[in-house]
Amino acid sequence: MTDASALAAAVLDAATPPAAVAATSSVLDYLARHAADHPRAFFADAFPSLLYRVFVSSPSSPSFIDLAAADPDPALGNLLNLLAPSGPLLAAAAAADRLALIRFVFPSERLPYWLRVALAEDPSAGLPLASPLLAARVGSDLHLSVFEYYLFWFAYYPVSSADPSASASNATHKSRSRIESWVSTLAPTAGGTRKPGNKPEPCLYLKLLYAYLREFVPTAASKPPRRPSGTLLQRTASEETAADADPFARAEFFLHALIQFWLVGDDFSPLPVQTYCAFGLKLPSRARAELSEQPPSPGLGDAVKLLIMYLNCCARSPPPDTRLVFEGMPARNAVVSSDSQVGFWNPLIQRPMYRFVLRAFLFCPIGAVVKNVTQVFSVWLAYMEPWKLTQEELDEYDVSLMNRTETQQAGVGKEKLMYTPAWKNYVLSNYLFYSSMVLHFLGFAHKFIHSDVSSVLLMILKVLEVLSSSSELADLLYKVDIAYHSRPSCSSESDVVKFVPSIREQLKDWEDGLTETDADGSFLHENRNSDLRLFSSGEDGAYHLLQLLLIRAELEIQRLPGDTSSALQSLDLIKSRMKKIFQGRIEGAHHKNISLDESQHQHPGRGEIFTPKHPVLGRSKFCEVKYRGDWMKRPISETEVAWLARILIHVSDWLNDALRLGCDDGADDSSARPTYIKFDRSELATIGGPKDAVRMALVAVCSLLALVGQALLKFMRAHRVKINLRVFASKKLLAGLVLLYAVVAGTRSAFS
């Protein structure tokens, strides 16, 4: 007991790289000395302190993983030896679980919000089916085994920097601003170990993540080894229960922990709508929807990308016992065949992954730097292109291959990896990532095109390169779009039609409750959950949104200082990709692209192709572009006072609602009837005197004004004209009013 308490104190006091190395060595020595007796005192005293120092950072005391990134040479080896799947810590945890020595309660304030809500409610029979993480519930707490407790802290590390409870002592962390830096805290490079010309070495956490995935999540490419001794997967049937013997049960728990902490987080719709309706679960209130508006934690994108890469590796060749993954999981409603290219883990991550990326695009605040969104963007691209994954990319995270000799074979043939018909089921099962998400991303691009036009154009180009990388992929997406908008009997593509009902359900379920605010200038607000518009020829289709985006980008490029050749080259590449995707699939796309090329030959100067920022009326093509949505609720520009514009927008909305402006023409028919006034003849009196004359004159003037106002309201309702006070938020107008007031005040003081 004394040794364990002293060890816990030494671990808690380690706040520098040398101290962390010494504390890690002490833990290794302790576990080596007590490998046979499995002391309960270590898990009761030292184990919680060790996990806290390894995975939780504070401003005054960084975590051991962060300290290892700062001084990787000695600390990296010690931590890898301690935390490896075959290391002494997890071996001791496995032994403690076999003997049922101790169970832990994970702090509820560090759990995802919906799990906290579920634990606070009365126990329900449907909760364990909704999530295996709730199977260990006892009262309002989760009683976890040693191994499960370790996995929870491991999954908590990437999101700890965004958790206010991660550093309760620091009061400044309790109020998070939406405009925050998304720079990685996972230290993508190990300082001092990178050689010139080599790729950055992955951080310690990503190495551990890949090692755990290989060990605990079975795949066809790397099945868990079963050696006579060493790791958690080497248990015999006589030493454990049937549930523990199933490696898929452990893999499911591990993946659910990662998904809930990383992808779901504080989402107010964490489960499929049918699931919580079927089991009568109470989820977080929609009044707490602001939780979903928090951006992803810094550095989380690197870990999620590695998880996606590994799980997509499972999709190449599922093992024959794939059915065991979702056996007993009716809440997930997942049906996966063993010969499906979708992959047997893919249905588990589809919805959380979609909402994770979508929330990042919808709720990224205007003041944020566009480059900080690239981590989530790269995760989306990796998810859309599983066929480009190579084993060399995953080997970069393999600890056993870190010291291998660098060869020139890494990456050979990667550019030749393209979509093949073998991935058809994967694309169809994840169709919204290739269709609806593209439209949401274009709305994000329109919102940030003015802040960093070069970065936004590069992101758009990468998305279009994915869609146009293969004509077979583009044809498949187009066939699904036709089948989606046609009657079932009108389509001959039977293999595509069978996916349409599931796509409709996914569109309603995956975007459940995710709507932008009234003043965000959404291009898709009116048809958010009702239709697919990637190949739509309407004004809210992807083609017309891209055309408008090109016009806005050209105007922004003209304002850029210095060399703009790279941005102009991106524009040209985007136009060529648009032709490849939409030509022959959207009516008018071919002619419009040709006319644009002809205009380039007729007007060699790029400044003549597009109009200036303030064009002359009648000579501009910019006036032909119709903004999709309410012009009053367009994105706030830099020429306006943001807070004043929001106030004036709300006041204008209130006035329009009160005066019933913007309604249908027939909305005012009921109030247009004549008014009859009845009076008693006995009350008639002679009108005389100046008071009565003044009163009659005032009544006449007021009646005239009322008639004029009613006529004006009738005209505005008939022509759907609404009040828009937002013009008074213009910085130029306010500056003019201030200048006018100064001139009037100066003139008055001069004459007085």
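Biologist: Which residue in the turn of the β2 and β3 hairpin has a positive phi?
Modeller: In this predicted model, strand β2 covers residues 137-138 and runs antiparallel to β3, joined by 2 bridges. The hairpin that they form leaves 2 residues between the strands. The turn residue with a positive phi, of about 70°, is glycine 139.

Biologist: Which residue stands opposite phenylalanine 104 in β3?
Modeller: Phenylalanine 104 belongs to strand β1, residues 104-105, which is antiparallel to β3 and linked to it by 2 bridges. On the β2 side, arginine 137 stands opposite leucine 142 in β3. The residue of β3 opposite phenylalanine 104 is leucine 144.

Biologist: Which residues form the uncovered face of strand β3?
Modeller: In a regular strand, side chains alternate between the two faces of the sheet. Strand β3 spans residues 141-144, and its covered face holds Leu142 and Leu144. The uncovered face is formed by Asp141 and His143.

Biologist: Is valine 727 buried, partly exposed or exposed?
Modeller: Valine 727 lies in the loop between α29 (690-718) and α30 (731-751). Buried requires under 20% relative accessible area and exposed requires over 50%. Because its relative accessible area is 49%, valine 727 is partly exposed.

Biologist: What area does the nonpolar surface patch with Val727 have?
Modeller: Residues enter such a patch with over 30% relative accessible area, and Val727 has 49%. Val727 is joined there by Phe728, Leu733, Leu737, Leu740 and Val744. The area of the patch is about 520 Å².

Biologist: What percentage of the residues of the chain count as buried?
Modeller: The chain has 30 helices and 3 strands. Of its 752 residues, the share that counts as buried is 48%.

How values were computed
Residues numbered from 1 in each chain as written. Predicted model: local features only at pLDDT ≥ 70, side-chain atom pairs only at ≥ 80, totals over all residues. Heavy atoms only, no water. Patch = residues over 30% accessible without salt bridge, like charges linked within 9 Å, V, L, I, M, F, W, Y side chains within 5 Å. Areas by Shrake-Rupley, 256 points an atom, 1.4 Å probe, with all protein chains shown as cover. Salt bridge = Lys/Arg side-chain N within 4 Å of Asp/Glu carboxyl O. Helix = DSSP H or I, 4+ residues; strand = E, 2+ residues; numbered from the N terminus. Buried < 20%, exposed > 50% of the residue type's maximum accessible area, 1.4 Å probe, protein only. Pairing = 2+ DSSP bridges.
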